[in-house]
Amino acid sequence: MRVLLIGANGYLGRFVADRLLADPAVQLTALGRGDDADVRFDLASGSPGALTRFLDAVHPGVVINCAGATRGGARELTRHNTVAVATVCEALRRSGCGARLVQIGCGAEYGPSQPGSSTAEDAVPRPGGPYGVSKLAATELVLGSGLDAVVLRVFSPAGPGTPAGSPLGRLAEAMRRAMQSGDGELKLTGLGAQRDFVDVRDVARAVHAASLSAAQGVINIGSGRAVRLRDAAAVLARVAGYGGALHELDGPPSPLRPSIGHPRADSDHAMHVTHAVHAAHAGQSAPVVYPYPDGCGSWQQADVRTARDRLGWRPRINLEESLGDIWMEAACRI
């Protein structure tokens, strides 16, 4: 099976590439913006015609798109997450290769959900930020393309290679610095959010399974269990051997009180201030809220029954193992 993997040098793409290379039946070609790609091509600026010519030459049976951006302003996110996918879809429609498309979506497309609930694929998406909006637009392009295509909505990936700027990456870095300096107390903000963490290697297994299946539409990829960041921090402390106290603070992040979420964008700060002003005008107290950076509120948990039924996939790696790998990489920076 000839597979064209787009974004092979990214966080998810690296593990997808490893998984595919371990399959002797797969002939893999990597396309991306980096020098290490087999073919250099920028989906955000390249033309569908150029990509079509490449598809006709390589003639893959499956195209897997792991490329995209998780940070930046709305314009940059739209270019790399939406325009890029439009280019892929148009090129596949023009090409005679008839390849199946596996698109990597994300749980942020759903937006906030009710605490205690599990989000299934038929939930109405209401993304709470520009990242989720850009990924949802890409999903709609894929679903409306008429192609043989499946979108895997990956919830909160974790494990080796976790970016240092992600919530779990920032948690590990804060703990590393505390241990390095001998601090017996670690003060953090933003530990109240609950998220569905799934190991990146399990995600790669799901992508492999989706490329071999006939499943179409949207399929959630998660653990099926929401975990509070506070609990993840306790597990990480145990794995790391950190014996200090973990204190959650309600104030704004600072160098002495690191936040587990990404730094807020100006638009997020403006929205927070607006809510505070409205609450003050209404005579209410305005609680200080520092949201998890994906725009999904305080809770997110995937319903993963579709992945089990249509892909034969279940997560295998528990969060403690994922956190252990995150810690090993953080500890190597000491």
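Here is a quick tour of the structure above, from its overall build down to a few single residues. Keep in mind that this is a predicted model. The protein has ten helices and twelve strands, and buried residues make up 49% of its 334 residues. Take the contacts between residues at least 6 apart in sequence: 82% of them join residues at least 24 apart.

**Helix 4**

- Let's start with helix 4, which covers residues 130–143 and has 14 residues.
- At 1.5 Å a residue, helix 4 should span 20 Å, and its end C-alpha atoms are indeed 20 Å apart, so the two values agree.
- Which residues of helix 4 are buried? They are G132, S134, K135, L136, A138, T139 and V142.
- Those buried residues have plenty to pack against: helix 3 (74–94), strand 5 (100–106), strand 6 (149–154) and strand 10 (217–221).

**D196, a charged residue that is buried**

- You'll find D196 in strand 9, which runs over residues 194–199.
- D196 is buried yet has no salt bridge.
- How far away is the nearest side chain of opposite charge? That side chain belongs to R225, and it is 7.7 Å from D196. A salt bridge needs the nitrogen and oxygen within 4 Å, so this pair doesn't make the cut.
- The side chain of D196 does reach the backbone nitrogen of A302, at 2.9 Å.
- A302 also turns up among the contacts of D196, once you leave aside neighbours within four places in sequence. Others on that list include F155, S156, G222, R225 and Q300.

**Cysteines**

- How many disulfides does the structure hold? The count is zero.
- C106 is a handy example: the nearest cysteine sulfur, that of C296, is 7.5 Å away. A disulfide needs two sulfurs within 2.5 Å, so C106 is in no disulfide.
- C106 is buried, because its relative accessible area is 6% and the cut-off for buried is under 20%.
- C89 is buried too, with a relative accessible area of 2%.

**Salt bridges**

- The structure holds 15 salt bridges, and here are some of them.
- R94 and E90 meet through their side chains, with N to O at 2.9 Å.
- Where do R94 and E90 lie? Both are in helix 3, four residues apart, which is about one turn of the helix.
- Here's the general idea behind that spacing: an α-helix has 3.6 residues a turn, so residues three or four places apart point the same way.
- R94 is partly exposed, with a relative accessible area of 49%, and E90 also counts as partly exposed, at 23%.
- This pair has company: E90, R93 and R94 are linked in a network of salt bridges.
- K187 and E185 form another salt bridge, at 3.7 Å from N to O. K187 is partly exposed at 35% relative accessible area, and E185 is partly exposed at 39%.
- R238 pairs up with E320, and their closest N and O atoms are 3.5 Å apart.
- The R238 and E320 pair links distant parts of the chain, since R238 sits in helix 7 (residues 229–240) and E320 sits in helix 10 (residues 319–331), 82 residues apart.
- Is E320 buried or exposed? E320 falls in between: it is partly exposed, with a relative accessible area of 39%.

Methods. Residues numbered from 1 in each chain as written. Predicted model: local features only at pLDDT ≥ 70, side-chain atom pairs only at ≥ 80, totals over all residues. Heavy atoms only, no water. Helix = DSSP H or I, 4+ residues; strand = E, 2+ residues; numbered from the N terminus. Expected span 1.5 Å × (residues − 1). Buried < 20%, exposed > 50% of the residue type's maximum accessible area, 1.4 Å probe, protein only. Contact = heavy atoms within 4.5 Å. Lys, Arg positive; Asp, Glu negative; His and termini not counted. Polar contact = N/O pair within 3.5 Å; in protein donor to acceptor, adjacent residues only side chain to side chain.
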